[in-house]
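I opened the notebook today to go through one model, a few helices and annotations at a time. Here is what I looked up, in the order I looked.

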Amino acid sequence: RPLLWGPPVARMTSGMALAEQARQLFDSAVGAVQPGPMLQRTLSLDPSGRQLKVRDRTFQLRENLYLVGFGKAVLGMAAAAEELLAQHLVQGVISVPKGIRAAMEHAGKKEMLLKPHSRVQVFEGAEDNLPDRDALRAALTIQQLAEGLTADDLLLVLISGGGSALLPAPIPPVTLEEKQMLTKLLAARGATIQELNTIRKALSQLKGGGLAQAAYPAQVISLILSDVIGDPLEVIASGPTVASAHSVQDCLHILNHYGLRAALPRSVKTVLSRADSDPHGPHTCGHVLNVIIGSNSLALAEAQRQAEVLGYHSMVLSTAMQGDVKRVARFYGLLARVAAAHLTPSLAERPLEEEVELHQLAAELQLPDLQLEEALEAVAKAKGPVCLLAGGEPTVQLQGSGKGGRNQELALHVGVELGRQPLGPIDVLFLSGGTDGQDGPTKVAGAWVMSDLVSQASAESLDIATSLANNDSYTFFCHFRGGTHLLHTGLTGTNVMDVHLLILHPQ
Ligand SMILES: Nc1ncnc2c1ncn2[C@@H]1O[C@H](COP(=O)(O)OP(=O)(O)OP(=O)(O)O)[C@@H](O)[C@H]1O
Ligand SMILES: O=C(O)[C@H](O)CO
């Protein structure tokens, strides 16, 4: 790929060349949160091979190491952990998504696969991110392993997004089907991941610190790849190694809010009413070390570094992008317009109205870590190509029956927004991609657009409004310019939400 390492950015002008660079930046973000490098950064063995260092803590190894894991990125994490610690590993059990081994083999990603004689037993389950019988079998095997440990043992727990569905262990008499149904209903009614996981914790034996308690008195080291904004330990995969702080009142409030309280199965009511009188109270986790080993901000930091190597002035705007994709797209459209005017103050009039709307929208979106002022100041000083980065997980209100994902839908909306405003002599590119490589139920990670999207689409007789109304962004991008605006990465083996890139390149 000569373009990727080709001439400096200042001499690159064509859209495809910019797209190549955007793709390179996206790849560098994903590369920073690959399981192998992340584990190697976190774990190290002393020269005798008998002491395991995890950040600033040390643990004695004497063939006493066990491993469990659950989540979409856990196969590669387990492979990397076994590579490093094989001589001490007694036994392991992981629960990973259905078909992931075949997909990784197919993609030639050997580093994501366990060796043929691995001591780690693999369960695949939770198709469509819903708990199922296979995931239940995995959870019971993990629970048995944890319960059999002694004070001399060390349990390494590998956790990533998707872990909740891959570790279902409902508290009797709640059944798997009841839990599945409740999870589905809450998700369909728009419950946030915090709300969803509060309910999951209340109904589970292993979530909310339950796994850590099952492993007691063994020492527990939990290595966590975050797929939740703000990296809250108790929310990611429903915090199986984190003391739980939710109350029954919280659960009832959530169930009420989504109109589910009246129709609750008797079993769920029974478990919730018992929780209030639990004599042991919340789990304690003094024997646990929880470590976040990767997150969206780590991925963005690497993309920012890489952008600067390529000659861009680069800034991270936010790692907490959330809210409806249409509003997030409007935000990026306005930002592009205002930033473009800052880059060419002599040519463009200052877009005061847009600036006011941009700040209003930023306040409404409530992005806790947004660096808008700082970014605009940096752009004003830049006098050259600029790359603004953000991450998070906007939401799509599904109305149509088309095929798409939130990244492709966001990119399509941003393309429309970019077409609304004069941007002056500046090439603008926006890219949105899911770091797991799979945007919704499609085979691509996302898409990229430039400010000529609307005119190009109409030249190709493609109707953007209809595609958007039907949530059909994937079909749109498959046709648009022969599919060249789709971001094909294949499954990446990691998962730290989405990455957004806004490039402004003076012509
Ligand atoms: N046709 C569609 N158009 C746009 N978005 C869609 C469409 N179908 C599904 N989605 C969105 O895809 C998302 C689910 O896909 P995906 O599995 O990538 O996300 P996820 O559940 O957040 O998992 P992860 O955190 O691993 O990315 C939901 O947010 C859903 O609204
Ligand atoms: O598994 C889960 O609960 C979600 O992916 C959030 O971590």
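**Entry 1: α13 and α14**

I began with helix α13 (residues 325-343) and helix α14 (residues 352-365), whose axes lie 9 Å apart and pack at an angle of about 140 degrees. That angle makes α13 oblique to α14, since only angles over 145 degrees count as roughly antiparallel. I noted the handedness too: α13 passes α14 in a left-handed crossing.

Next I listed who touches whom. From α13, the contact takes in Arg-327, Val-328, Arg-330, Phe-331, Leu-334, Leu-335, Arg-337, Val-338 and His-342. From α14 come Glu-354, Glu-355, Glu-357, Leu-358, Leu-361, Ala-362, Glu-364 and Leu-365. I sorted the residues of this contact by character and got 9 nonpolar, 1 polar and 7 charged.

I should say here that I am working with a predicted model.

**Entry 2: α1 and α12**

I then turned to helix α1 (residues 15-32) and helix α12 (residues 296-309). Their axes come within 7 Å and cross at roughly 140 degrees, so α1 and α12 are oblique to each other. Here I wrote down a right-handed crossing for α1 passing α12.

Which residues of α1 meet α12? I found Gln-24, Leu-25, Ser-28, Ala-29 and Ala-32 on the α1 side. They meet Leu-298, Ala-299, Glu-302, Ala-303, Gln-306 and Ala-307 of α12. The residues of this contact divide into 7 nonpolar, 3 polar and 1 charged.

**Entry 3: annotated spans**

I checked the UniProt record, an unreviewed entry, for domains. It annotates residues 22-272 as "domain: MOFRL-associated". In the model, the end C-alpha atoms of residues 22-272 are 49 Å apart, and I read 41% helix and 18% strand for the span.

The same kind of look-up gave me "domain: MOFRL" for residues 386-498, again from an unreviewed UniProt entry. For residues 386-498, I have 20 Å between the end C-alpha atoms, with 31% helix and 21% strand.

**Entry 4: the whole protein**

I finished by stepping back. How many helices and strands does the protein have? I counted 19 helices and 15 strands.

For overall extent, I laid the C-alpha atoms along the principal axes, and they fill a box of roughly 70 × 60 × 40 Å. I also wanted to know how the radius of gyration fits a compact globule. With 507 residues, such a globule would have a radius of gyration near 23 Å; the protein has 24 Å, so the two agree.

Key
Residues are numbered from 1 along each chain as its sequence is written. Chains are lettered from A and ligands numbered from 1 in the order in which they are written. This is a predicted model: local features need pLDDT of at least 70, side-chain atom pairs count only at pLDDT 80 or more; totals for chains, interfaces and linings use all residues. Side-chain values use heavy atoms; hydrogens and water are left out. Axes are lines fitted to C-alpha atoms, for helices over the stretch in contact, and angles run from 0 to 180 degrees between N-to-C directions. Helices (H or I, at least four residues) and strands (E, at least two) are DSSP runs, numbered from the N terminus. Angles under 35 degrees count as roughly parallel, over 145 as roughly antiparallel, 65 to 115 as roughly perpendicular and the rest as oblique. A crossing is left-handed if the near helix is turned anticlockwise from the far one by less than a right angle, and right-handed if clockwise. Contact means heavy atoms within 4.5 Å. Ala, Val, Leu, Ile, Met, Phe, Trp, Tyr, Cys and Pro count as nonpolar, Asp, Glu, Lys and Arg as charged, and the others, Gly among them, as polar. UniProt positions are given in the numbering used here, feature names are shortened, and annotations may be inferred rather than shown by experiment. The radius of gyration is taken over C-alpha atoms; the globule rule is 2.2 Å times the number of residues to the power 0.38.
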